[in-house]
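Reader: Could you take me through the aromatic side chains in this one? I'd like a close look at how the rings sit against each other.

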Amino acid sequence: MKQNDLKNINICCIGAGYVGGPTMAVLAKHCPNIQVTVTDHNLERINDWNSIDLSKLPIYEPGLDEIVNKYRGKNLHFSSEVEKNISIADMIFISVNTPTKTKGVGAGKASDIKWVEACARQVANNAKDHTIIVEKSTLPVRTAEVIKNILESATSIKSQKNPSISFDVLSNPEFLSEGSAIKDLENPDRVLIGGENNQAIKALSEIYENWVPVKKILYTNIWSSELAKLTANAFLAQRISSINSIGALCEATGADVREVSRAIGTDSRIGAKFLDAGPGFGGSCFKKDILNLVYLASYFGLHEVANFWESVVKLNYWHQNRISRLIVKKLFGTLSDKKIAVLGFAFKANTNDTRESAAIQICKELLEEGAILSIYDPKVSRKQIKRDLNFINDPYEIKTESNNLNKYFIADNIQETFQDADAILILTEWSEFSNINWESAYKMMRKPAWVFDSRSIVNPQKVLDANLKLWRIGDGSKISNI
Ligand code: UDX
Ligand code: ADP
């Protein structure tokens, strides 16, 4: 360490994204003596983090703007000078993106850790003293070994000039969930620290102890920590695929998935969370982490294990496709030139993140069927929606035959989407979608007018009273079978 006092250290975070930004903001809030600098090589992103207008922060997360406003310039800084900040840091958090590889060995499954490797090289070239490296990004198991190898090679060269140079690598995966990141960081279920060197573990643990009760801090070996993160996400995603599969069965049999969820969720062994049927899971982690597990299992010849986890991802795709197919069926077998109001594009409410959002595949399939989409999301930018709808590079994506992807427009408010629409399709559970005036919507729409609610957010009776036809996810009752 460059400083003896563990409480007064410099932290550098590499990666000012959905993980790095909120995590460091909360850390700075609770550790006034620590100088925290969040760095990113994307200058535009850093400028947005430094923007005086807080609505321009690159990430929308409830409560984040308040913290940034209060601590930015005091002990929370955003900078594009990555190398300079590495050189003065006692502790470096790596929070860069690790997308699924698109080519080469493991393409479509393994995570691409080229950015992590680049970080390790930057650290190796610029660190000046003893430095603790903390893996924050979700990484394939044994990434710490890659980081260590790079750092060790650098150390052997540098130590001839500077004998005090050395590194420790810790795994400290982030479990925050977007949309509730600040709440999750302020009051985590647990903090997981994986590592070998007790002093380094203690240094990181003491930082968290500023606001997290000691009993919530778990210590494991580094590989268990890395694997625990992948496993946690795989288990959560598995619950969603499970309940979505049961939702389809409910629709076929006359049961109601909300009732089934409630009935099974009261079993304390199962628990009530992550049992909401929806349009399919999205977000940057679930699919990527499961595919990582699949790759790992295949690599070790555990093909049954690999197939088991891959089926969770396959079901998610099937489920999204099921939704677009049933819309076609309800609208008399064709969407040609029919207008659909799409409400919500983010992968869940309270975030502007669209990575792996179910909306992307569902919208593409509806466009392929000839529909004209009018899309509204309160937080996702126009630019992002356009980028997502024109991107085709996903091996799991259900391929489209023609290139009919341009008949969509992006609305500035909900009302604008209703004009002459044949159907309203709710894909994200933004609270404003539960307060729609269905009578006025009905008047603006072409008849018969439909509501497809993939998030169980509408009041079914109000929709039906307004003469609209309704399909709700996993609802096999007569209401939805008009
Ligand atoms: C997830 C993990 O929850 C978090 O611990 C990890 O650090 C990162 O990945 P996140 O992707 O931000 O977090 O969101 P999450 O709330 O887990 O939702 C993921 C997806 O599942 C969303 O598309 C959401 O709409 C969907 N979901 C969630 C359901 O369809 N039903 C549910 O009951 C819960
Ligand atoms: P996550 O959801 O994991 O936080 P994001 O994509 O939101 O992922 O953020 C990761 C950030 O890391 C991006 O802003 C990217 O520019 C940044 N990044 C990636 N590699 C490096 C690097 N070597 N140096 C600095 N920043 C990096």
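Author: Here is a walk through the aromatic pairs, with a little background on the chain.

A word on the ground rules: this is a predicted model, where local features need pLDDT of at least 70, side-chain atom pairs count only at pLDDT 80 or more, and totals for chains, interfaces and linings use all residues. Residues are numbered from 1 along each chain as its sequence is written, chains are lettered from A and ligands numbered from 1 in the order in which they are written, and side-chain values use heavy atoms, with hydrogens and water left out.

A pair of aromatic rings is described by the distance of the centres and the angle of the planes. Rings of Phe, Tyr and Trp (its six-membered ring) pair if their centres lie within 6.5 Å; planes under 30 degrees apart count as stacked, over 60 as edge-to-face and the rest as tilted. By that rule you get eleven aromatic pairs.

Take Y208 and W211: their centres are 5.5 Å apart with 50° between the planes, so the pair is tilted. Both Y208 and W211 are buried (under 20% relative accessible area; exposed is over 50% and partly exposed in between, with a 1.4 Å probe and protein chains only).

Now F308 and W309, an edge-to-face pair at 4.9 Å centre to centre and 75° between the planes. F308 is partly exposed because its relative accessible area is 49%, while W309 counts as buried at 12%. Add F235, and F235, F308 and W309 make one aromatic cluster.

For the backdrop, buried residues make up 54% of the 482 residues in the protein chain.
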